[in-house]
Amino acid sequence: MIEVKLNNEEIFAKKGAMISYQGNVAFSRSFLGGQGVQGLAERAVTNEGYALMSAKGTGSVYYAQGGLFVTIVPVRGETLYVESDNVLAFDARLTPGTMFLGNQGGVSGLVRGAATGQGLFTTTLQGTGEVAILSDGNAIGLPVTNEVPVFVDPQAYIGHTGQLSSSIVTDLNWKTFVGQASGESYQVKFSGQGTVYIQASER
């Protein structure tokens, strides 16, 4: 669970995630979540939409969902790319949006979405603020540098920040066809400069 202390501030969170609060806090359904009408339409079309509640005022608000672990990810004048299912809450200083994964790594972005069963679109949160993400077990932030890329099982991927490009790496060989594959037949390779967030167990 996470405690958010508000001082005449606003935060957006998943509907139903608030479990307790203290102080003078007003809650309301938020259809836009800090984005415009066009952004709302994009989320509806791309299936990256999620119901949000706004909490505004002064006090403490507690959020949780299904006993999942919560990790705070600071966003400092950059963009966090994150699976919408993993977003618990974010503060109103951040601007949400939707991005087509095919724009990152070209065809590999399409392959990743098709191969994993996850959508081809992902949520973006841009600006300066904090995001609370959910994970099955501890969330781990792995640094990516130009010299040291990071390979991630797509099912363990939560999100990433920084100037990263992605590509699909496969180990497809004769063992795959005779039932002796490792079970990790493809991974996503992240190159560049940034951080990749993964969860400690696969979906």
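Which strand is the place of isoleucine 168? That residue sits in strand β10, which covers residues 157-170. Keep in mind that what you're looking at is a predicted model. Overall, the protein has 3 helices and 11 strands, and here's a quick tour of how they fit together.

**The big picture**
- Going along the sequence, the elements come in the order β-β-α-β-β-β-β-α-β-β-β-β-α-β.
- The protein has 203 residues, and 43% of them count as buried.
- Take the contacts between residues at least 6 apart in sequence: 82% of these join residues at least 24 apart.
- The accessible surface adds up to about 10200 Å², with 54% of it belonging to carbon and sulfur atoms.

**How strand β1 pairs up**
- Strand β1 (residues 2-14) runs antiparallel to strand β3 (residues 52-63), and 12 bridges join the two.
- One spot to look for is isoleucine 11, whose bridge partner in β3 is alanine 55.
- β1 also pairs with strand β5 (residues 87-91), again in the antiparallel sense, over 3 bridges.
- On that side, phenylalanine 12 stands opposite phenylalanine 90 of β5.

**Nonpolar cores**
- As a bit of background, nonpolar side chains in soluble globular proteins tend to be buried together.
- Here the largest nonpolar core has 15 residues, and those with the most contacts inside it are Leu80, Val82, Phe90, Val131, Ile133 and Ile158.
- Strands β4, β5 and β7 (121-135) each put at least two residues into this core.
- The biggest giver is β4, with 4 residues.
- Apart from that core lies another one, of 14 residues, including Ala17, Val25, Ala55 and Leu134.
- Back to valine 131: leaving out residues up to four places away in sequence, its list of touching residues includes Val73, Leu80, Ala89, Phe90 and Leu125.

**A closer look at threonine 79**
- Threonine 79 belongs to strand β4, which spans residues 69-82.
- Is threonine 79 buried or exposed? It counts as buried because its relative accessible area is 15%, and the cut-off for buried is under 20%.
- Its side chain makes a polar contact with the side chain of glutamine 126, at 3.4 Å.
- Beyond its neighbours within four places in sequence, threonine 79 is in contact with Thr124, Leu125, Gln126, His160, Thr161 and Gly162.

**Aromatic pairs**
- How many aromatic pairs does the structure hold? There are 3.
- One of them is edge-to-face: tyrosine 21 and phenylalanine 27, with 4.9 Å centre to centre and 65° between the planes.
- Both partners count as partly exposed, tyrosine 21 at 39% relative accessibility and phenylalanine 27 at 29%.
- Tyrosine 157 and phenylalanine 190 form a stacked pair, with 5.6 Å centre to centre and 10° between the planes.
- This stacked pair links distant parts of the chain, since tyrosine 157 is in strand β10 and phenylalanine 190 is in strand β11 (residues 186-199), 33 residues apart.
- Tyrosine 157 is buried, with a relative accessible area of 4%, and phenylalanine 190 is buried too, at 3%.

**Back to isoleucine 168**
- Isoleucine 168 has a relative accessible area of 24%, so it counts as partly exposed.
- Isoleucine 168 and phenylalanine 190 are 22 residues apart in sequence, and their C-alpha atoms are 9.1 Å apart in space.

Key
Residues are numbered from 1 along each chain as its sequence is written. This is a predicted model: local features need pLDDT of at least 70, side-chain atom pairs count only at pLDDT 80 or more; totals for chains, interfaces and linings use all residues. Side-chain values use heavy atoms; hydrogens and water are left out. Buried means under 20% relative accessible area, exposed over 50%, partly exposed in between (1.4 Å probe, protein chains only). A polar contact is a pair of N or O atoms within 3.5 Å; within protein, one must be able to donate a hydrogen and the other to accept it, and residues adjacent in sequence count only if both atoms are side-chain atoms. Contact means heavy atoms within 4.5 Å. Two strands pair if DSSP finds at least two bridges between them. A nonpolar core is a set of buried Ala, Val, Leu, Ile, Met, Phe, Trp, Tyr and Cys residues joined through side-chain atoms within 4.5 Å. Accessible areas come from the Shrake-Rupley method with a 1.4 Å probe; for residues, only the protein chains shown count as cover. Rings of Phe, Tyr and Trp (its six-membered ring) pair if their centres lie within 6.5 Å; planes under 30 degrees apart count as stacked, over 60 as edge-to-face and the rest as tilted.
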